[in-house]
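Here's a quick tour of the packing and the charged pairs in this one. Have the viewer open and follow along.

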Amino acid sequence: MSKVTLEILKDYSFQYEAVLDDEETKLILREFMKSIKCEENLFFLERLLHYHQKRSANNKWQLLQTIYKEFFTNDSDLELNLSQSLKDPFIKEYLNVIKLLKQNNNDILQINFNTLEELLLKVENSILLIVKGHVFPQFIESNYFKDFILQKNKNYLSRIGVVKALSHSHFVETLMDMTTKEITLDQLKMIKRFSLCGNIKESSKDNSNIPNNTTVTSSNTKLGEDKKVKMTTNTKESDNGVTTNVNTNRTSVDSANSNVSDSSNTSKGSSSSNGSSLLDGFWLPLIQEDNYVAYVSAKKFKLGDDINGTNQGGIHFFKYDIKFPYELDFVMNTLLNCNNRLEFDEMLKSLHQFHYNPKEEKGNVLKLATTLTQETYNFRWPLSQRVYHFTNTMVYDTTDKIYIQAKKSCEIPEEYITKNIKKEIDNSVKALNFGAWLFQSIDNDPVYKCRYIQLVATDTKGFIPLSIAEKIIKSRAKNFGKKLVKFLEKQKEMVDKNLKQTDNKINSLGVLETLKENGNFEL
């Protein structure tokens, strides 16, 4: 299990109660509070915890006397630093109880402690507010805590901390789960963030951190350029696929007419900029053209586990960011069409749909519509045939006006696998993959009309060394953009010359159907 790093630490939030429940972190917290001269607060809260566990009046009174001597007397080293409005009423009531006990021959059962306990509770709440609201956040940021936790592994970190939603670690730990068949809205948010953010700074010419065997070729493309689209899209899925029209007034989701529409304003605080500081430098350029940039992640990952940015083991993520001079509906319908995919990608041997899972809403729980599919690839030597099992979903994001198709490896139930498909699986190495396709209209550009981003990470498995397998994938990544541009040029030319008819029904393996059913979300 990998050790904790400062980068991973940023992705976790810590609860006061969880830290106190762990003996090691409680001792470190105590050392920190001693260093800032307020350790008496922690001792007091521990005493109060014991007090609340007492049941008999006699045991409570015995502990109350100890609490009074330790934390409310002037000659105690642990005297609490309280306001007089809290301290004086408690002391006054405590002395009153002493007086009543003398009057009742020290019969504790004759004494009512309610007022004293109420005043003690006010002191406890005040101290708890100080410790949780002021001291504890300082502790989490202190070297006391960091030096301690950096010696631990991620299992220990998970015992005392919780992964922040949409953080890098959340991305690694939840999105790259290669077994479940669901894709959540939070995961789609993370996909968008990792697709739109984290490019290397344009001014940075230092390529020393680019992974081994990576060469960079450049043109006039601005790295990290993220064009904002200030338009509203009305999307209709017809038998021909998806068509888009500018619509500034209408806002509805009409499932009967298969409409997916929105009129939300473009958010200046959208996720394309949100959290960018966390993701700065996540992507490094592989190749750059006027309308195409291929990126490789600066870090390596194992699908399902983080490698903490080392280059030992794990795989890189790749991203293709391409601008086309064609309308979004043409680009999206062309690329999602299975027939076109098989024609374009000479390594893609076959595509198959197993099952369609409709959208479910039960109370506050939403399960997006998904389609379970298989993709079989014949990579070049020395890789043999690879088979991938996917869960796929697609939505329209109204914040950045972007269509997002996400897919990740999953387990396919045996009952969905026919004999012929099983034979193909048996003759292949079962590999893992995570990916996303994003489509976004471009506004106010004289040439380009659609932006297409593909995010992909693949673990080819098998016995081929990972370095060799990734070299093949990296070579594919470098050539992908140019080939795709030429393919779309050819398709558009054939359509314009009526040499190719658009399909009456696009076979997208159910992906467009999930878009139709899932509809719009603000991601």
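## Helix 17 and its buried side

Buried here means under 20% relative accessible area, and partly exposed runs from there up to 50%. Keep in mind that this is a predicted model.

With that cut-off, which residues of helix 17 are buried? In this helix, spanning residues 511-518, they are Val511, Leu512, Thr514, Leu515 and Asn518. Their arc around the axis is only 155°, so they sit on the same side of helix 17. Right after the helix comes Gly519, and its phi is positive, near 80°.

## Two nonpolar cores

The largest nonpolar core is made up of 53 residues. If you want to find its best-connected members, look for Phe14, Phe44, Trp61, Ile67, Phe72, Leu120 and Phe139, which have the most contacts inside it. Helix 7 (residues 114-141) supplies the largest share of this core, with 10 residues.

Ile67 is a handy place to center the view. What does Ile67 touch, once its neighbours within four places in sequence are set aside? The list is Phe44, Arg47, Leu48, Tyr51, Phe72 and Leu120.

There's also a second core, separate from that one, with 35 residues. Among its members are Leu286, Tyr320, Leu335 and Ile506.

## Salt bridges across the sequence

How many salt bridges does the structure hold? The count is 22. One of them pairs Glu117 with Lys60, whose side chains meet at 3.2 Å, N to O. This pair links distant parts of the chain, since Glu117 is in helix 7 and Lys60 is in helix 5 (residues 57-71), 57 residues apart. As for solvent, Glu117 counts as partly exposed at 24% relative accessibility, and Lys60 is partly exposed too, with a relative accessible area of 22%.

Next up is Asp321 with Arg451, where the closest N and O atoms are 2.6 Å apart. Asp321 belongs to strand 10 (residues 318-324) and Arg451 to strand 19 (residues 450-459), so this salt bridge ties together parts that are 130 residues apart in sequence. Are these two residues buried or exposed? Asp321 counts as buried because its relative accessibility is 10%, below the 20% cut-off. Arg451 is buried as well, with a relative accessible area of 7%.

## A loop-to-loop pair and a small network

Glu327 and Lys449 also form a salt bridge through their side chains, at 3.6 Å from N to O. Where do the two partners lie? Glu327 is in the loop between strand 10 and helix 13 (328-336), while Lys449 is in the loop between strand 18 (432-441) and strand 19, which puts the partners 122 residues apart. Glu327 counts as partly exposed at 42% relative accessibility, and Lys449 is partly exposed with a relative accessible area of 36%.

For something beyond simple pairs, check Lys192, Asp397 and Asp400: salt bridges that share partners join these residues into one network.

## One last stop in helix 16

Finish at Asn479, which lies in helix 16 (residues 466-496). Asn479 counts as partly exposed because its relative accessibility is 42%. Its C-alpha atom is separated by 9.1 Å from that of Ala294, although the two residues are 185 residues apart along the chain.

Key:
Residues numbered from 1 in each chain as written. Predicted model: local features only at pLDDT ≥ 70, side-chain atom pairs only at ≥ 80, totals over all residues. Heavy atoms only, no water. Buried < 20%, exposed > 50% of the residue type's maximum accessible area, 1.4 Å probe, protein only. Helix = DSSP H or I, 4+ residues; strand = E, 2+ residues; numbered from the N terminus. Arc of directions from axis to C-beta. Core = buried A, V, L, I, M, F, W, Y, C linked by side-chain atoms within 4.5 Å. Contact = heavy atoms within 4.5 Å. Salt bridge = Lys/Arg side-chain N within 4 Å of Asp/Glu carboxyl O.
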